[in-house]
Amino acid sequence: RSAVAAKDKTIMARSYMVQCICLALLVAVAWMCTRSTPKVGSALAMPRVAGPRCVRPSFAVRAEAAAAPRPVIRQNFEGRVISDKMMKSAVVRVERLVKHPKYHKRMRLSKNFIVDDPENAAEIGDTVRIGSIKPKSKTKSFEIMEVVRKAIK
């Protein structure tokens, strides 16, 4: 009786293996059919270009590209000055509205930026536009571009 059960198990294992192999072959054939393959005659009809196949720019071309001026990409934010107690610096709070991913309610998120203010023009409560610059210190990488609205005193 146990010999018959063992034989049945091996037959079932073999049939499962055959099913897995058939499924893998089916997936491979389907994948190969979906790939876009070029036609055989199209490679023969294309004209050959003289010279090396892989064209690498020379060092002079690369040096020109490196020396060309890059466009300055600046982050711009508008926020409210919350502290001006430092010399030539201010703290600006930038608020933004974000929709909650689950509840779809709009949330107000804020972030404080320590900004460069060389003229000490900003006062508490002013609305200012700030832009990114090359970092001046560990925490200062923005500067005040303009004072949009002065605070009412």
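This report walks through the fold of one chain and then stops at a few of its residues.

## What you are looking at

The model is predicted: local features need pLDDT of at least 70, side-chain atom pairs count only at pLDDT 80 or more, and totals for chains, interfaces and linings use all residues. Residues are numbered from 1 along each chain as its sequence is written, and side-chain values use heavy atoms, with hydrogens and water left out.

## The chain as a whole

The chain has three helices and five strands. Here helices (H or I, at least four residues) and strands (E, at least two) are DSSP runs, numbered from the N terminus. Going along the sequence, you meet them in the pattern α-α-α-β-β-β-β-β.

Of the 153 residues in the chain, 15% are buried. Buried means under 20% relative accessible area, exposed means over 50%, and partly exposed lies in between (1.4 Å probe, protein chains only). About 13,500 Å² of the chain is exposed, and carbon and sulfur atoms supply 62% of that area. Those areas come from the Shrake-Rupley method with a 1.4 Å probe; for residues, only the protein chains shown count as cover.

How about contacts, meaning heavy atoms within 4.5 Å? Among the chain's contacts with a separation of 6 or more, 50% are between residues 24 or more positions apart.

## The barrel

The five strands form a closed barrel in the order β1-β2-β3-β5-β4, with mixed pairing. On average, neighbouring strands of this sheet are turned by 50° against each other, direction ignored. For such angles, axes are lines fitted to C-alpha atoms, for helices over the stretch in contact, and angles run from 0 to 180 degrees between N-to-C directions. Strands of a sheet pair through backbone hydrogen bonds, either parallel or antiparallel. Two strands count as paired if DSSP finds at least two bridges between them. Three of the pairings look like this:

| Strand pair | Direction | Bridges | Opposite residues |
|---|---|---|---|
| β1 (residues 76–83) and β4 (residues 127–132) | antiparallel | five bridges | Glu78 and Arg129 |
| β2 (residues 89–99) and β3 | antiparallel | 11 bridges | Arg93 and Asn112 |
| β3 and β5 | parallel | three bridges | Val115 and Phe142 |

The hairpin of β2 and β3 has six residues between the strands, and His104 takes a positive phi near 60° there.

## Three buried residues

Start with Lys140, which sits in strand β5 (residues 140–149). Is Lys140 buried or exposed? Lys140 counts as buried because its relative accessible area is 14%. The side chain of Lys140 makes a polar contact of 2.8 Å with the side chain of Ser89. A polar contact is a pair of N or O atoms within 3.5 Å; within protein, one must be able to donate a hydrogen and the other to accept it, and residues adjacent in sequence count only if both atoms are side-chain atoms. Setting aside neighbours within four places in sequence, Lys140 touches Lys88, Ser89, Ile114, Val115, Asp116 and Pro135.

Next comes Asp117, in the loop between β3 (106–116) and β4. Asp117 is buried, with a relative accessible area of 4%. Its side chain reaches the backbone nitrogen of Ala121 at 3.2 Å. With neighbours within four places in sequence left aside, Asp117 is in contact with Lys88, Ser89, Ala122 and Ile144. Asp117 and Asp84 are 33 residues apart in sequence, and their C-alpha atoms lie 9.1 Å apart.

Then there is Thr127 in strand β4, buried at 8% relative accessibility. Leaving out neighbours within four places in sequence, Thr127 is in contact with Glu78, Gly79, Arg80, Val147, Val148 and Arg149. Thr127 is also 6.5 Å from Lys150, C-alpha to C-alpha, although the two are 23 residues apart in sequence.

## A word on the cysteines

A disulfide is a covalent bond between the sulfur atoms of two cysteines. How many disulfides does the structure hold? The structure holds zero disulfides, a disulfide being a pair of cysteine sulfur atoms within 2.5 Å. Why is Cys20 without a bond? The closest cysteine sulfur to that of Cys20 is in Cys22, and at 9.4 Å it is too far for a bond. Cys20 is partly exposed, with a relative accessible area of 36%. Cys22 is partly exposed too, at 46% relative accessibility.

Key
Contact means heavy atoms within 4.5 Å.
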